[in-house]
Amino acid sequence: MADRAAPVRLYCFAHAGAGVSAFRGWARPLGPSVETVPVLLPGRESRRREPRLTDRTALVADLLERVRPEPDQMYVLYGHSLGAMVAHTLTQALRERGLPLPALLAVGACPPPDQASDLSDNHTVDATLTDRLRTMGAVPDGAVPGDYWHRALLPVLRDDLRLAHALRVAARRTAALDGRVPVPLLAVSGNRDPLAPPSVVDGWRRWNAGPVVTRTVAGDHFFVRDDALPRLLGRAIRVVRRLAA
């Protein structure tokens, strides 16, 4: 029998261009019953020398090597923006292989795959992409073409958005084969997010075969940096844990 005193493992996936720093400091607002495990994709931080991933097949192969809960370990996935598509793709891949599914799939700041995404849909056009990133506060003040941000960080963002686009296309292709995942889903939006407002995030209901809850927190697209999100996730995880018990 599973040890119900063991912490629930929360695997976290960051937004485009980010590493794992967004999830530092989550321990306190999540609560002691949750263990945070940020998952770092190739091409950044300690994996910066590895080729960045831009397609579903390579992503799934990498994730299945890194997300390996212990037997009877209750675990949850949370993905923010690009990370939401990563978490959703991983859940689909686990289902396809008959592997244990997460107790909860949580997605934030991301339109569902069947709706337009201003960023990933324009990942190949530098001028349009940079303008959109600037309006969202993702471009540093004073950044100009040729500087460090454009040379070192914009290529990571562009490849991450290529990945997001590929995952969205792949998800739509599997929809005809019932690509909905049969796990509880929590879809979170920021009340000032121009990319994925609450009305758009609500569309995740169409992509899930289990119970769905939508919540809105204060913040723009990067509400992952505030305490409201981990507090919300902590409460949701405790509810799921009680129901499983």
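Trainee: What makes up the exposed area of the protein chain in this predicted model?

Mentor: The chain exposes about 11300 Å², and carbon and sulfur atoms supply 52% of that area.

Trainee: How many of the 245 residues count as buried?

Mentor: The share is 53%; to count, a residue must have under 20% relative accessible area.

Trainee: Why is the chain called as compact as a globular protein of its length?

Mentor: Its radius of gyration is 17 Å, and the globule rule gives 18 Å for 245 residues; the two values are close, so the description holds. The C-alpha atoms fill a box of roughly 60 × 40 × 40 Å along the principal axes.

Trainee: What makes S2 and S6 edge strands?

Mentor: The open sheet runs S2-S1-S3-S4-S5-S6 with parallel pairing. Strand S2 (34-38) and strand S6 (212-217) each have a single partner strand, so one side of each lacks a neighbour in the sheet.

Trainee: How do you know that S5 and S6 pair?

Mentor: Pairing requires at least two bridges, and S5 (residues 185-190) and S6 have 6, in the parallel sense. Within this pair, Ser189 stands opposite Thr216 in S6.

Trainee: What makes helix H3 a helix that packs on the sheet?

Mentor: Contact means heavy atoms within 4.5 Å, and H3 (residues 82-96) touches strands S1, S3 and S4. The direction of H3 makes about 140 degrees with that of S3.

Trainee: Why is Asp55 called a cap of H2?

Mentor: A side-chain oxygen of Asp55 lies 3.1 Å from the backbone nitrogen of Thr57, at the N-terminal end of H2. The cut-off for a polar contact is 3.5 Å, so the pair qualifies.

Notes: Residues numbered from 1 in each chain as written. Predicted model: local features only at pLDDT ≥ 70, side-chain atom pairs only at ≥ 80, totals over all residues. Heavy atoms only, no water. Helix = DSSP H or I, 4+ residues; strand = E, 2+ residues; numbered from the N terminus. Axes fitted to C-alpha atoms, helices over the stretch in contact; angles between N-to-C directions. Polar contact = N/O pair within 3.5 Å; in protein donor to acceptor, adjacent residues only side chain to side chain. Rg over C-alpha atoms; globule rule 2.2 N^0.38 Å. Buried < 20%, exposed > 50% of the residue type's maximum accessible area, 1.4 Å probe, protein only. Areas by Shrake-Rupley, 256 points an atom, 1.4 Å probe, with all protein chains shown as cover.
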